[in-house]
Amino acid sequence: MEKIQILWADDEIELLKPHVLFLKEKGYDVQTAISGDGALDLIKKNNFDIVFLDENMPGLSGLETLSRIKGLKNDLPVVMITKSEEERIMEDAIGSKISDYLIKPVNPNQILLSLKKILDNKRLVSEKTTSGYQQEFRSIGMTMSDRLSHTEWVEVYKKLVYWELELQKSSDQSMSEVLQMQKREANAQFGKFVENNYISWLNGKEKNPPTLSHTLLKNKVIPQLEQEGPVFLILIDNLRYDQWKMLQPILHTYFKTDTEDLFFSILPTATQYARNAIFAGLLPSEIEKMFPNQWKNDEEEGGKNMFEDVFLAANLKRLGKDIKHSYNKITNHAAGKKLSENFNNLLGNKLNVIVYNFVDMLSHARTEMEVIRELADDEAAYRSITVSWFEHSPLHDIIRQIAEKKAKLIITTDHGTIKVTEPSKVVGDKNVNTNLRYKQGKSLDYVKRDVFEVRKPEEAYLPKQHVSSAFIFIKEDKFFAYPNNFNYYVSYYRNTFQHGGISLEEMIIPFIVMSPK
């Protein structure tokens with residue numbers, strides 16, 4: 001077992017030699033520094049497990065050094081040691097995410113206790129998480145072997161996301177790999193479930209269908225309008241449930257969660273279908289029929305989500321809600337900042353809808369820009385970059401203002417996204433759409449076992465552009481690839497985040513109701 005690496009930074013380190021020797025005798029590897037700058041140089045070159053940091057050093061102070069350490073390695077535990085019990089210093093240090101706080105003079109046993117508390121706790125939490133998932137693994141596996149209802153699939157997905165986020169904190173990489181295997185198996189079973197039930201949900205053949213995109217406003221949003229005061233509905237495009245769980249602790253600073261529901265996106269799980277359906281309260285072929293001048297099919301030129309405000313107004317009217325409302329779509333930082341600055345203008349409306357497009361742009365940028373690919377290399381990094389964006393976004397400012405005004409907040413999305421790994425060959429004519437997770441067109445040739453095929457689009461309430469038009473939705477973590485330039489195409493799109501098809505991540509998506517604290 002490798003020795004634990006300790007860095008001890010103190011301008012009077014010579015006086016602490018007995019402590020250093022004591023730790024070395026206990027089997028720890030200790031390096032020392034006499035200044036903040038010296039400590040930072042060593043941290044850049046070495047992988048320390050923990051840092052003991054004197055608060056009162058000449059030059060760079062302990063608090064300044066602490067701030068720079070966190071800038072370099074945010075997860076590195078730091079124990080602050082100081083002569084002062086002044087409350088301000090303690091608050092500054094605790095606010096800067098220290099792991100422990102010791103007052104001079106320290107004795108060797110205090111140091112040892114601090115080490116065990118911090119490092120062993122991390123190990124014990126990791127071991128407990130691993131053993132917890134090992135026990136749950138069998139239970140989830142047995143559940144998936146049954147014929148599950150849509151509510152049971154929601155519970156399976158919640159459990160998988162819970163353990164994915166827990167194992168992310170653990171050092172046991174092997175269990176994370178086991179979880180990914182179980183997620184793939186779950187998606188294989190879920191694909192069959194959707195294939196067997198989706199058309200029945202739409203055609204009223206099931207007594208208790210899930211809430212779908214087109215019934216979301218009627219089932220979930222309208223009941224929230226009964227209470228006093230404005231309601232803010234924020235739709236973050238392409239927000240998966242696991243990303244929501246990462247954002248939730250930030251929002252809990254200002255709000256408490258009243259309801260955490262998951263609903264089902266319609267197919268295709270793509271913005272021009274799912275989001276239009278949410279605001280229109282209609283399925284795509286119904287929107288096309290009712291709004292022939294506003295609906296655009298895949299083959300047609302122009303923006304596909306240009307009339308959500310029109311669809312929303314008509315939907316509210318049909319639902320008997322003659323209320324003052326607003327609709328704002330944010331597609332860049334400047335627009336978000338402007339809405340934040342003019343926030344008070346929204347307070348006279350009963351319902352304020354804000355569509356925020358960042359996460360969707362992130363998933364597309366990750367495909368197209370090498371630097372974003374490297375920043376969001378895996379699922380954990382993809383979640384992390386979403387959190388980092390949110391913390392510094394105008395959306396965060398808007399949500400803070402909603403809390404200050406004691407208004408109700410609803411957070412939701414139109415669809416999720418999945419990291420694709422395996423290509424599936426498809427052939428079609430030049431008019432076939434470009435989406436990697438669904439295809440729509442004539443004379444499609446494809447691997448049947450990989451897809452849910454809808455030969456009669458009208459059965460899935462999808463527009464029928466040609467007599468022989470069909471839709472195919474790819475399942476699991478596959479993506480469509482053309483035989484021409486196959487190897488180039490596959491290497492370019494493999495391990496990118498895509499949406500449009502059938503997976504737990506794309507279809508089972510969050511609907512959150514929050515009240516200000």
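What follows is a walk through the fold of this protein, from its overall make-up down to a few single residues.

The model is a predicted one. It holds 517 residues, and 53% of them count as buried. The secondary structure adds up to 19 helices and 19 strands. Taken along its principal axes, the C-alpha trace spans about 85 × 55 × 40 Å. The accessible surface comes to about 24100 Å², with 49% of that belonging to carbon and sulfur atoms. As for how the chain meets itself, take the contacts with a separation of 6 or more: residues 24 or more positions apart account for 74% of these.

Turning to the sheets, one is open and built from 5 strands in the order S2-S1-S3-S4-S5, with parallel pairing. The edge positions go to S2 and S5 (100-103); each has a single partner strand, so one side of each is left without a neighbour in the sheet. Neighbouring strands here are turned by 20° against each other on average, if direction is ignored. Strand S1 (residues 5-9) and strand S2 (residues 29-33) run parallel and are joined by 5 bridges, with Ile6 standing opposite Val30 in S2. Put helix H1 (residues 17-25) together with S1 and S2, and the result is a right-handed β-α-β unit. Further along the sheet, strand S3 (residues 50-54) runs parallel to strand S4 (residues 78-82), and 4 bridges join the two. In this pair, Asp54 stands opposite Ile81 in S4. Helix H2 (residues 36-45) lies across S1, S2 and S3, and runs at about 140° to S2.

Just past S5 there is a backbone feature worth a look. The loop between S5 and helix H5 (108-144) contains Pro105, and the peptide bond joining Lys104 to Pro105 is cis, with omega about -5°. Another cis peptide bond joins Leu267 and Pro268, again with omega about -5°. Pro268 sits in the loop between strand S7 (255-264) and helix H10 (271-280).

Leu267 also turns up in the packing around Tyr198. Leaving out residues up to four places away in sequence, Tyr198 touches Ile266, Leu267, Phe452, Ala460 and Met507. Tyr198 belongs to the largest nonpolar core, which has 100 residues; along with Phe190, Ile399, Leu409 and Ile411, it is listed among those with the most contacts inside that core. Apart from this core lies another, of 20 residues, including Ala9, Leu42, Leu53 and Val78.

Next comes helix H17 (residues 394-404). Here 8 of the 11 residues are buried, so the helix is largely enclosed by the rest of the structure. The buried set is Pro394, Leu395, His396, Ile398, Ile399, Gln401, Ile402 and Ala403. Ile399 is thus a shared point with the largest core, where it is listed among the residues with the most contacts. After H17 comes Lys406, which has a positive phi, near 60°.

A further open sheet has 3 strands, in the order S14-S12-S17, and its pairing is mixed. Strand S14 (445-446) and strand S17 (478-481) are the edges; each has a single partner strand, so one side of each is left without a neighbour in the sheet. Strand S12 (residues 422-427) pairs with S14 in the antiparallel sense over 2 bridges, and Val426 stands opposite Tyr446 in S14. Helix H18 (residues 486-493) packs on this sheet, touching S12 and S17, and its direction makes about 145° with that of S17.

One residue of H18 is Tyr489. At a relative accessible area of 16%, Tyr489 is buried. Setting aside neighbours within four places in sequence, Tyr489 is in contact with Leu436, Phe480, Ala481 and Tyr482. Its C-alpha atom is separated by 33 Å from that of Lys329, 160 residues apart along the chain.

Two loop residues in this part of the chain have positive phi without being glycine. Ser443, with phi near 50°, lies in the loop between strand S13 (438-441) and S14. Its relative accessibility is 63%, so Ser443 counts as exposed. Asn485, with a positive phi of about 50°, is found in the loop between S17 and H18. Asn485 counts as exposed too, at 61% relative accessibility.

Notes:
Residues numbered from 1 in each chain as written. Predicted model: local features only at pLDDT ≥ 70, side-chain atom pairs only at ≥ 80, totals over all residues. Heavy atoms only, no water. Pairing = 2+ DSSP bridges. Right-handed = clockwise from strand over helix to strand, strands pointing away. Core = buried A, V, L, I, M, F, W, Y, C linked by side-chain atoms within 4.5 Å. Buried < 20%, exposed > 50% of the residue type's maximum accessible area, 1.4 Å probe, protein only. Contact = heavy atoms within 4.5 Å. Areas by Shrake-Rupley, 256 points an atom, 1.4 Å probe, with all protein chains shown as cover. Axes fitted to C-alpha atoms, helices over the stretch in contact; angles between N-to-C directions.
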